[in-house]
Amino acid sequence: MASVAIEKVSKVFRGRRDEVRAVDDLSLSAADGEFLVLVGPSGCGKSTTLRLVAGLERPNCGVIRINDRDVAKVAPKDRDVAMVFQDYALYPHMTVYKNMAFGLKMRKTPRGEIDRQVRETAELLGLTELLERRPGQLSGGEQQRVAVGRAIVRKPNVFLFDEPLSNLDAKLRLELRAQIKALHRRLQTTILYVTHDQQEAMALGDRVVVMNEGRARQIDAPQRVYDRPDDRFVAEFIGAPTMNLVRGRIVKDGDIVVFDGDFGRWGLSGEVAAALGGLEDCAVELGVRASDVSLGEGGAMSGTGQVCLVESLGDCLHVHVRAKSGATVVLRASSGVSVEVDQEVSMVVEVARVHFFAGDEVGARLC
Ligand code: ATP
C-alpha cells in the first residue's frame, strides 16, 4: 500500500495553434489506504491527473510522490499502480482467466501462484463461473468486473480508476459501485477514482476532490463538501437538484442587516449578520438546497412566487417557483401535496441552512 501526493503540478498540452492547461497548479494527497475521488465536469483535468500519477503523461512542473518517493524518473511499469479504464481494454481473444493472469505472467510469476491469485480474485468478484469465457461472451457489467479483477490480481500499491462505471446502465452502476466500496473496505488499498457523477463521488469517497479547469476547488469529506461548499462552483456541482442561488444585496435597515433579494427582504440575525454586516451594498448570492425550502408561510425568510414546473420523483415532488423578477427556486415537497403549474404559492426557507457566496466571478463562501 502507498500514499500519493501531487504537489503544485501543471500539465499543458501544446497544439500547433493553441495550448490547453489541463492541470493547473494542482496539489492533493491520498493517505495510505484512502479512497480519494476526483469529481468535476467534462474536461476539468481528472483523467490527465490520473495519467500523470500512472506515468502516462509527464508534468510540466510540480512533483508527484508515491510513498514519499518522487516518481519523476520512475517508468510507469515500475510505479506499482494499476489503472482501470472506462472502456475495459480487455484482450478479446483471451479468456477471462487469461485476461486476469496476463499481468502476472508478464512478471514471470510462477504458474501455481498465478492460478491461486486468479481464482481467489475471481471468487471475490463473482467471476468463477465465467473464467473460460471470452470478453465478447460477457455483459458490460461482467466485462467491467474482469477489468477490475485484472487490476486486483497484481496487488498494486495504488489503484487508479478512470470512470470505470460510465458505460453501464443505472442499475448495474449502483451494484458495481457497492462492490467497489466493499472491495476497498476489504483490500484497504489506496484508490484514486475519477468520475463526473457527483452522486458516485459522494457514495464512494473517503474524501472528494471537486475539480474545475484543472484546479481543485475543494478537498473534503463528502458530507462536508455538501454541507459547507467553499464556493459557488462546488455548491452548484454537488447535490441534485443543484443548489438554489438567489441574487441580492446586503443592506442595513436601521440596525438590522438585511438580504435584499429576488424573493423579498430577509432579515439576518446573529452570526450571519455579524459575518455579512461589513458587506453593505455588496452583491451576494444566497444559496439554499431544495430540501431546505418548503411550501408554507412565516419565518424570517419567506416569499411568494408562481409555480412554473412540478416534477414527480415518486417519493417527493420538486416544485419550481418563479419570483416576479424571473428568478427561480426549486423546493422539495412531499409527494402527497397538491400543487399545480401557475398556482401562486408561499414558501419558507430554513434560516439555519442558508449559505452566502460573494457575488463576483469566483463566488467564495462568505458564511
Ligand atoms: P472527461 O470527464 O470528459 O473525461 P476530464 O476531466 O477527464 O474529462 P481530461 O481528459 O483530463 O479531462 O482533459 C482535460 C483537458 O485537456 C481537456 O480540455 C482536453 O481536451 C485536454 N486534453 C487531454 N488530453 C489531451 C491531449 N493528449 N492533447 C491535447 N489536449 C488534451
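How many salt bridges does the rule find across the interface of domain 1 and domain 2? In this predicted model, the rule finds two of them across that interface, and the description below begins with the arrangement of the two domains before turning to individual charged pairs and to selected residues.

The domain assignment divides the protein chain into domain 1, covering residues 4-237, and domain 2, covering residues 244-358. Taken over C-alpha atoms, the centres of domain 1 and domain 2 are separated by 39 Å. Contact between the domains involves seven residues on the side of domain 1 and eight residues on the side of domain 2, and the area buried between them amounts to about 690 Å², of which 53% lies on carbon and sulfur atoms. Three residue pairs in polar contact, with both residues at pLDDT 80 or more, are counted between domain 1 and domain 2. On the side of domain 1 that touches domain 2, the elements that give two or more residues are helix 7 (222-227) and helix 8 (232-237), and helix 8 gives the most, with three residues. By residue class, this side of domain 1 divides into three nonpolar and four charged residues, with no polar ones.

The salt bridge of Asp227 with Arg353 has its closest N and O atoms 3.9 Å apart, a separation that falls within the 4 Å cut-off applied to such pairs. The pair links distant parts of the chain, since Asp227 is located in helix 7 whereas Arg353 is located in the loop between strand 19 (344-349) and strand 20 (355-358), 126 residues apart. Asp227 is partly exposed, with a relative accessible area of 29%, and Arg353 is likewise assigned as partly exposed, at 34%.

Side chains of opposite charge can pair when their charged atoms come close. By the rule used here, the count comes to 22 salt bridges. Within helix 3 (residues 111-124), Arg116 and Glu113 lie three residues apart, about one turn of the helix, and their side chains meet in a salt bridge with an N to O distance of 2.9 Å. Arg116 is partly exposed, because its relative accessible area of 42% lies between the limits of 20% and 50% that bound this class. Glu113 is also classed as partly exposed, with a relative accessible area of 27%. Beyond isolated pairs, Arg21, Asp24 and Arg215 are linked in a network of salt bridges.

A further pair is formed by Asp260 and Arg265, whose closest N and O atoms are 3.6 Å apart in a salt bridge. Asp260 lies in strand 12 (residues 256-261) and counts as partly exposed at 30% relative accessibility, and Arg265 also counts as partly exposed, at 47%. When residues up to four places away in sequence are not counted, Asp260 touches Arg247, Gly248, Arg249, Val251 and Arg265. For one of these residues, Arg247, the separation from Asp260 is 13 residues in sequence and 8.5 Å in space, C-alpha to C-alpha.

The surroundings of His318 were examined separately. His318 is found in strand 17, which spans residues 316-322, and counts as buried because its relative accessibility is 7%, under the 20% limit for that class. With residues up to four places away in sequence again left out, the residues that His318 touches are Pro241, Leu309, Val310, Glu311, Leu313, Val330, Leu331 and Arg332.

Helix 1, spanning residues 46-54, is mostly covered, with seven of its nine residues buried. The buried residues of helix 1 are Lys46, Thr48, Thr49, Leu50, Leu52, Val53 and Ala54. Just after helix 1, Gly55 takes a positive phi of about 90 degrees.

How values were computed:
Residues are numbered from 1 along each chain as its sequence is written. This is a predicted model: local features need pLDDT of at least 70, side-chain atom pairs count only at pLDDT 80 or more; totals for chains, interfaces and linings use all residues. Side-chain values use heavy atoms; hydrogens and water are left out. Domain bounds come from an automatic or database domain assignment. Contact means heavy atoms within 4.5 Å. Buried area is the accessible area (1.4 Å probe) that two parts lose on being put together, summed over both. A polar contact is a pair of N or O atoms within 3.5 Å; within protein, one must be able to donate a hydrogen and the other to accept it, and residues adjacent in sequence count only if both atoms are side-chain atoms. Helices (H or I, at least four residues) and strands (E, at least two) are DSSP runs, numbered from the N terminus. Ala, Val, Leu, Ile, Met, Phe, Trp, Tyr, Cys and Pro count as nonpolar, Asp, Glu, Lys and Arg as charged, and the others, Gly among them, as polar. Buried means under 20% relative accessible area, exposed over 50%, partly exposed in between (1.4 Å probe, protein chains only).
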